[in-house]
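Thanks for coming. Please have the structure open, and I will go through it piece by piece.

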Amino acid sequence: MKIVITEDYEELSRSGAQSILDVVRQTPQAVLGLATGTTPLGLYARLIADRKENGTDYSQIRTVNLDEYQGLPASHPQSYAYFMRKNLFDGLGMDPEHTNIENGMAEDEEAECARYDALLNELPRDIQLLGLGSNGHIAFNEPGTSFSSGTHVVTLAESTVRDNARLFSDISEVPRKAFTMGIKQIMQAKKILILASGANKADAVYKMVKGAVTEQVPASVLQLHPDCTLIADREAAGKI
Ligand code: F6R
């Protein structure tokens with residue numbers, strides 16, 4: 001794993017945005033695997049600013065997102081579909097037909113997972129962006145998830161529900177289940193870029209980079225990927 005340590009979140013976001021822009025400029029029809037959460041917000045803001053300044057073209061770019069809460073429609077302000085429109089897709093002028101995410105309202109879970117697996121096979125990702133859970137999760141693959149998992153429904157770990165409660169008015173509103181891309185599919189991306197910011201990620205960063213490769217630390221699987229880069233700010237990199 002290549003490791004880039006930045007002074008602060010600003011520099012992390014700039015450096016991450018540059019990696020995505022390199023792919024978009026080199027491959028106008030690239031497939032981008034994208035994440036939600038707080039960490040990529042600065043990177044997304046920079047992609048939008050770059051498009052305004054330089055007119056970078058996203059008309060042929062396609063995206064696939066990692067995960068979606070179960071039970072929230074795409075119109076719900078806390079859904080990941082809404083998050084992506086608000087924080088990235090609208091600003092890039094993305095054709096909604098070119099963006100993909102699990103349907104949190106799907107009644108048949110198995111059929112929805114199979115649909116997403118098939119879609120991921122059709123759209124091999126040129127780059128997959130990831131955030132890191134404080135418990136070492138990637139997407140919503142919580143500790144103990146098999147490295148060979150495909151798209152599946154998960155019950156979120158209590159620590160993840162607590163971490164995500166800040167985005168809801170009350171912890172009781174945080175959905176307990178979600179659809180997530182599996183670890184096998186994350187590993188199939190040509191390139192992986194994982195971002196980590198803040199001292200609360202320092203333990204997870206240490207285990208991901210220096211610890212054993214184990215399903216108890218899902219992100220540790222990234223040690224096995226041939227082209228994975230971690231960009232961490234000083235605080236997140238504090239223990240490595
Ligand atoms: C988001 C996702 C999660 C987050 C992780 C870190 O789509 O799959 O794995 O990347 O929980 O979240 P933040 O960035 O909010 O600390």
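**Strand E9 and what surrounds it**

I start with one pairing: the bridge partner of Gln128 in strand E9 is Ile192. Keep in mind that this is a predicted model.

Gln128 belongs to the neighbouring strand, E6, which covers residues 127–131. E6 and E9 run parallel, joined by four bridges. Strand E10, residues 228–233, also runs parallel to E9, and five bridges join these two. Here Ile194 stands opposite Leu230 of E10.

Is E9 mostly covered or mostly open? Mostly covered: of its five residues, 192–196, five are buried. In a regular strand, side chains alternate between the two faces of the sheet. In E9 we can go through each face in turn. Ile192, Ile194 and Ala196 sit on one side, Leu193 and Leu195 on the other, and all are buried, so both faces of the strand are covered.

How does the chain get from E9 to E10? Helix H7, residues 202–210, joins the two strands in a β-α-β unit, and this unit is right-handed.

Now the whole sheet. It is open and has seven strands, in the order E1-E10-E9-E6-E2-E3-E5, with parallel pairing. Its edge strands are E1 (2–6) and E5 (99–100), each pairing on one side only. Further along the order, E2 (residues 31–34) runs parallel to E3 (residues 62–65), with four bridges between them. Val31 stands opposite Arg62 in E3.

Helix H1 packs on this sheet and touches E1, E2, E6, E9 and E10; its direction makes about 155° with that of E10. H7 packs on the sheet too, touching E1, E9 and E10, and its direction makes about 155° with that of E10.

Next, the helix pair. The axes of H1 (residues 9–26) and H2 (residues 41–54) come within 8 Å and cross at roughly 55°. That angle is why H1 counts as oblique to H2. The crossing is right-handed. Among the H1 residues at the contact are Tyr9, Ala17 and Arg25, and the H2 side includes Leu41, Leu47 and Asn54.

Last, one residue in a loop. Pro175 lies between helix H5 (158–164) and strand E8 (177–180). Is Pro175 buried or exposed? Its relative accessible area is 9%, which is under the 20% cut-off, so Pro175 is buried. Leaving out residues up to four places away in sequence, Pro175 touches Tyr69, Gln70, Leu72, Leu156 and Phe168. Arg162 is 13 residues from Pro175 in sequence, and their C-alpha atoms are 11 Å apart.

That is all I have.

Note on methods. Residues are numbered from 1 along each chain as its sequence is written. This is a predicted model: local features need pLDDT of at least 70, side-chain atom pairs count only at pLDDT 80 or more; totals for chains, interfaces and linings use all residues. Side-chain values use heavy atoms; hydrogens and water are left out. Buried means under 20% relative accessible area, exposed over 50%, partly exposed in between (1.4 Å probe, protein chains only). Two strands pair if DSSP finds at least two bridges between them. A crossover is right-handed if, with the strands pointing away from the viewer, the path from the first strand over the helix to the second runs clockwise. Axes are lines fitted to C-alpha atoms, for helices over the stretch in contact, and angles run from 0 to 180 degrees between N-to-C directions. Angles under 35 degrees count as roughly parallel, over 145 as roughly antiparallel, 65 to 115 as roughly perpendicular and the rest as oblique. A crossing is left-handed if the near helix is turned anticlockwise from the far one by less than a right angle, and right-handed if clockwise. Contact means heavy atoms within 4.5 Å.
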